[in-house]
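Work through the exercises below with the model open. Each task is followed by a stepwise solution.

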Amino acid sequence: ENGTLPTNPPSPYLRFHPNSAPIAKVILLHGLNGNKQFMQPFGMALAEAGFEVYAFDLPGHGDSSASFTFDLSSLMVESIIEHVGVESFIVGHSLGAGLLIDLAPTQPLGKVVLLSPAPVPLEPQH
């Protein structure tokens, strides 16, 4: 399913549905110069395993109408989490992982998986 969350800026997404009641929700965040289609194999595999999955285009990527800035991307991720649910699993690849690392000290996150994050020191997390 394709759609756009009414966040600021709007968040284009692909949604993958499991064949039965979902185990949990998963948010997928792509890396720099990626897009939601890059995360499609992960979304399909997770949906097959029973998860409801949302893959998003960050600002300046894919179908997003907004220009890229790190701050705008962080605000968008906060809005996505608010809409989809803080109890979700969140998978961030590269840039997406970096956004999650930056948000973790101040934003309650669900269970987080970081794929190829930039090597940065981590502050205490919630």
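**Exercise 1.** Determine whether Ser94 is buried, partly exposed or exposed, and describe its backbone.

Solution. Step 1: the relative accessible area of Ser94 is 30%. Step 2: buried means under 20% relative accessible area, exposed over 50%, and partly exposed in between (1.4 Å probe, protein chains only). Ser94 is therefore partly exposed. Step 3: its phi is near 55°, a positive value in a residue other than glycine. Step 4: Ser94 sits in the loop between strand E5 (89–93) and H3; helices (H or I, at least four residues) and strands (E, at least two) are DSSP runs, numbered from the N terminus.

This is a predicted model, in which local features need pLDDT of at least 70 and side-chain atom pairs count only at pLDDT 80 or more, while totals for chains, interfaces and linings use all residues. Residues are numbered from 1 along each chain as its sequence is written, and side-chain values use heavy atoms, with hydrogens and water left out.

**Exercise 2.** Carry out the same description for Asn33.

Solution. Step 1: Asn33 is not a glycine, yet its phi is positive, about 65°. Step 2: the residue belongs to the loop between strand E3 (25–29) and helix H1 (40–48). Step 3: Asn33 has 70% relative accessibility and so counts as exposed.

**Exercise 3.** Which peptide bond is cis, and where does Pro9 lie?

Solution. Step 1: the bond joining Asn8 and Pro9 is cis, with omega about 0°. Step 2: Pro9 is in the loop between strand E1 (2–5) and strand E2 (11–16). Step 3, for context: most peptide bonds are trans, and most residues other than glycine have a negative phi.
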